[in-house]
Amino acid sequence: MTRSHQMVITLTASDRPGVIDQLAQVISQHEGNWLDASLARLAGHFAGVVLVSIPESQEPSLCDGLRALESQGIDARCTGATPRPEAGGTLYHLELLGSDRPGIVSQLSESLAGPGVNLDRLDTHREAGSMSGAPLFRAAAQLRLPDGLDGEQLIGELEGLAADLQVTVQAAKDPG
């Protein structure tokens, strides 16, 4: 029986068609199974993180195959993943919208890190306001509150932060 091993692959490249195909081909050539990914195009670049399962014996050659992609303008690196049991805690969904300015993410992340809230996912982008055209900052996050942290209290603290940042914040327990 072949032992499988999970690997995390991080990837950056100039955006162009075929980047994912090239990565997927290398994974497939080394008997890898694509498990999970978060990939995005940002400012002319393509970046992402991919979780794969691969036979342990294929790990060194997979990493070599990924390094070979550098000649094609793709920086892909592999790291061993330590499988962990599903995280506990309560899931909350957070949405933030307000005038864009430096420091929003820093202040938000600081307010979440203090009580031990983990960001399971964070998606942000800038957009033009519908009326004024002024830049708006939008964030959507999935938060994992540690056991014992009162979600309603956290929402109250985030609403206080929203007033300081001059943004609107909506947070609710994730029904899923």
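A disulfide is a pair of cysteine sulfur atoms within 2.5 Å. Before we start: this is a predicted model, in which local features need pLDDT of at least 70 and side-chain atom pairs count only at pLDDT 80 or more, while totals for chains, interfaces and linings use all residues. Residues are numbered from 1 along each chain as its sequence is written, and side-chain values use heavy atoms, with hydrogens and water left out.

**Exercise 1. The disulfide**

Find how many disulfides the model has, and describe where the partners sit.

Step 1. Apply the distance rule: the count comes to one disulfide. The partners are Cys 63 and Cys 78, with sulfur atoms 1.8 Å apart.

Step 2. Look at the twist. The torsion about the S-S bond of Cys 63 and Cys 78 is about 140°, so this disulfide is right-handed.

Step 3. Place the partners. Cys 63 belongs to helix H2 (residues 59-68) and Cys 78 to strand S4 (residues 74-80), so to speak two distant parts of the chain, 15 residues apart, are linked. Helices (H or I, at least four residues) and strands (E, at least two) are DSSP runs, numbered from the N terminus.

Step 4. Check the surroundings of Cys 63. Its relative accessible area is 11%, which makes Cys 63 buried. Here buried means under 20% relative accessible area, exposed over 50%, and partly exposed in between (1.4 Å probe, protein chains only).

**Exercise 2. Three salt bridges**

Work out which parts of the chain are joined by the salt bridges of Arg 41, Arg 126 and Glu 127.

Step 1. Start from the rule: a side-chain nitrogen of Lys or Arg lies within 4 Å of a carboxyl oxygen of Asp or Glu. The structure holds eight such salt bridges, and we take three of them here.

Step 2. Arg 41 pairs with Asp 15 at 2.7 Å, N to O. Since Arg 41 is in strand S2 (residues 33-42) and Asp 15 is in the loop between strand S1 (4-14) and helix H1 (19-29), the pair ties together parts 26 residues apart in sequence. Arg 41 is exposed at 56% relative accessibility, whereas Asp 15 is partly exposed at 32%.

Step 3. Arg 126 meets Asp 100 at 3.1 Å, N to O. Arg 126 is in strand S6 (residues 118-128) and Asp 100 in the loop between strand S5 (90-99) and helix H3 (104-113), so parts 26 residues apart in sequence are tied together. Arg 126 is exposed, with a relative accessible area of 56%; Asp 100 is partly exposed at 28%.

Step 4. Glu 127 and Arg 138 also meet at 3.1 Å, N to O. This pair links strand S6, home of Glu 127, to strand S7 (residues 135-145), home of Arg 138, across 11 residues. Glu 127 is partly exposed at 25%, and Arg 138 is partly exposed at 30%.

**Exercise 3. The buried residues of H1**

Decide how the buried residues of H1 are arranged around its axis, and what covers them.

Step 1. List the residues: Val 19, Gln 22, Leu 23, Val 26 and Ile 27 are buried.

Step 2. Take the arc, meaning that of the directions from the helix axis to the C-beta atoms. The buried residues of H1 cover an arc of only 135°, which puts them on the same side of the helix.

Step 3. Recall a general point. An α-helix has 3.6 residues a turn, so residues three or four places apart point the same way.

Step 4. Find the cover, using contact (heavy atoms within 4.5 Å). It includes S1, S2, strand S3 (45-55), H2 and S4.

**Exercise 4. Loop residues and a neighbour**

Determine the sign of phi at Glu 31 and Ala 43, then see what Ser 53 touches.

Step 1. Glu 31 follows H1 and is found in the loop between H1 and S2. Its phi is positive, about 60°, although Glu 31 is not a glycine. With a relative accessible area of 53%, Glu 31 is exposed.

Step 2. Ala 43 is in the loop between S2 and S3. Phi of Ala 43 is also positive, near 50°, again in a residue other than glycine. Ala 43 is exposed at 79%.

Step 3. Ser 53 lies in strand S3 and counts as buried at 17% relative accessibility. Leaving out residues up to four places away in sequence, Ser 53 touches several residues, among them Glu 31, Gly 32 and Asn 33.
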